[in-house]
Amino acid sequence: MDTKFQWRHKHLIGLAELSRQEIEFILDTAKGFEEFSTRSVKKAPTLRGKVVVNMFFEDSTRTRNSFTLAANRLSADVIEFTKTSSSVNKGETLIDTARNLEAMGVDIVVIRHSAGGAPKLLSRSINACVVNAGDGFHEHPTQALLDIYTIRQVRGSLDGLTVGIVGDIAHSRVARSNIYAMTKLGAKVILIGPPTLMPAGISQLGVRVSHNLDEVIEELDVINMLRIQFERLGGNLFPSVREYSHFFGLTVDRMKRAKKDIVVMHPGPINRGVEIESEVADGPNSVILQQVSNGVAVRMAVLFLVNQATAIQINE
Ligand code: CP
């Protein structure tokens with residue numbers, strides 16, 4: 001870890017705008033928080049007196065609860081905002097909602113929203129720090145950070161690794177954040193999926209594109225299986241779920257052709273039997289639950305750093 005490096009971002013909107021050094025600094029900071037989960041007293045006073053609000057306009061199990069746990073472990077007070085029981089249902093705007101929460105003393109807003117750009121908009125409209133917990137098809141930066149953290153834990157580094165990201169690239173904010181960060185950290189990224197789920201021009205991001213998992217599976221050191229986002233698929237983008245699984249599902253049979261030590265990842269929630277067979281998801285190569293565990297340390301690091309950037313600005 002570079003001890004002279006000074007973190008200066010008050011918001012975490014995406015990984016596209018971060019350098020390799022900045023991404024590595026977050027991961028190294030997370031390493032310092034990893035051992036918290038094994039302590040008998042799992043708390044640090046780092047964010048004592050600070051208030052974090054979780055503003056989730058979309059469903060979440062992993063991201064929301066790990067941000068809550070991360071904030072609790074740093075001794076922050078946490079407000080759980082839910083759209084379904086809020087005055088958003090009476091027509092209050094996103095910005096008015098956030099400004100009203102800020103008026104109660106909120107220091108950090110963690111936001112998930114179906115509209116790409118919502119966290120950026122908030123960051124320009126309020127004084128609190130803003131952390132993107134997933135916005136539309138845009139980015140899911142903390143998911144990619146925990147993915148990369150997990151790969152580093154298993155393999156030491158991303159330099160020279162070939163990572164396959166399989167599935168619905170077009171609708172995936174996880175894929176975008178992974179692409180930005182993994183290519184910066186030295187991995188070769190292959191996007192694999194049907195042409196209808198592959199955005200035009202995506203290879204300009206420095207990745208290879210394949211429409212045939214069987215042709216590339218032997219090359220992969222890491223395979224990240226994306227969830228088919230049934231809630232976002234407008235039309236019939238593939239003929240049937242059965243056909244999709246046949247060509248792009250990670251099955252026990254396909255695993256026989258993969259490298260013995262291939263690292264199997266999935267951001268969750270899993271559609272078992274669609275993008276991945278249960279035997280593979282729960283098998284010896286899977287790090288899926290390790291990803292979830294690492295999410296807490298990574299989110300502690302993000303909350304700690306954005307708050308620190310605010311303190312630096314006040315002092316300067
Ligand atoms: N990976 C992920 O974002 O999961 P949740 O939707 O449960 O937060």
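**F81 and F57**

I started with F81 in this predicted model. F81 sits in strand β2, residues 77–82. Is F81 buried or exposed? Its relative accessible area is 9%, so F81 is buried. I then looked up F57, which lies in the loop between β1 (51–56) and α2 (62–73). F57 is buried as well, with a relative accessible area of 15%.

The two rings form an aromatic pair. I noted 5.4 Å centre to centre and 45° between the planes. That makes the pair tilted, because tilted covers what is neither under 30 degrees nor over 60. F57 and F81 are 24 residues apart in sequence, so their pair ties the loop to the strand.

**Other rings**

How many aromatic pairs does the model have? I get a count of 6. One of them is W7 with F25, and this pair is stacked. The centres are 6.5 Å apart, and the planes differ by 10°. W7 comes from the segment before α1, while F25 belongs to helix α1 itself. The pair therefore ties together parts 18 residues apart in sequence. I checked burial for both: W7 is buried, and F25 is too.

F5 joins this group, as ring pairs link F5, W7 and F25 into a cluster.

I also looked for a charge over a ring. R39 lies over the face of F36. The distance from the ring centre is 4.0 Å.

**Helices α1 and α5**

Next I went to the helix packing. Helix α1 covers residues 20–34, and helix α5 covers residues 141–155. At what angle do α1 and α5 pack? The angle is about 70°, with the axes 10 Å apart. The two helices are therefore roughly perpendicular to each other.

I listed the residues that make the contact. From α1 they are I23, E24, I26, L27, D28, A30, K31 and E34. From α5 they are L145, I148, Y149, R152 and Q153. By class, I find 7 nonpolar, 1 polar and 5 charged residues in this contact.

**Backbone oddities**

I scanned the backbone for unusual geometry. Most residues other than glycine have a negative phi, and most peptide bonds are trans. S75 has a positive phi of about 70°, although S75 is not a glycine. Where is S75 found? The residue is in the loop between α2 and β2. S75 has a relative accessible area of 17%, so I log S75 as buried.

The bond between G268 and P269 is a cis peptide bond. Its omega is about -5°. P269 lies in the loop between β9 (263–265) and α10 (278–281).

**I190 and V216**

I190 is in strand β6, residues 188–192. With a relative accessible area of 2%, I190 is buried. I looked up what I190 touches, leaving out residues up to four places away in sequence. The list is T162, V163, G164, I165, R208, S210, V216, E219 and L220.

V216 is on that list, so I followed it up. V216 lies in helix α7, residues 213–216. Its relative accessible area is 4%, and V216 is buried. Which residues is V216 in contact with, leaving aside its neighbours within four places in sequence? I find I190, I192, R208 and S210. R208 and S210 also appear among the residues that I190 touches.

I took two C-alpha distances here. V216 and I190 are separated by 8.4 Å, at 26 residues apart along the chain. I190 and T3 are 34 Å apart in space and 187 residues apart in sequence.

**V263**

My last stop was V263, in strand β9. V263 is buried, with a relative accessible area of 3%. Not counting residues up to four places away in sequence, V263 touches V154, R155, D221, V222, I223, N285 and V287. V154 and R155 fall within helix α5, which spans residues 141–155. I also checked K184, which is 79 residues from V263 along the chain. Their C-alpha atoms are separated by 20 Å.

Conventions:
Residues numbered from 1 in each chain as written. Predicted model: local features only at pLDDT ≥ 70, side-chain atom pairs only at ≥ 80, totals over all residues. Heavy atoms only, no water. Axes fitted to C-alpha atoms, helices over the stretch in contact; angles between N-to-C directions. Helix = DSSP H or I, 4+ residues; strand = E, 2+ residues; numbered from the N terminus. Parallel < 35°, antiparallel > 145°, perpendicular 65-115°, else oblique. Contact = heavy atoms within 4.5 Å. Nonpolar A, V, L, I, M, F, W, Y, C, P; charged D, E, K, R; others polar. Buried < 20%, exposed > 50% of the residue type's maximum accessible area, 1.4 Å probe, protein only. Lys NZ or Arg CZ within 6 Å of the ring centre and 35° of its normal.
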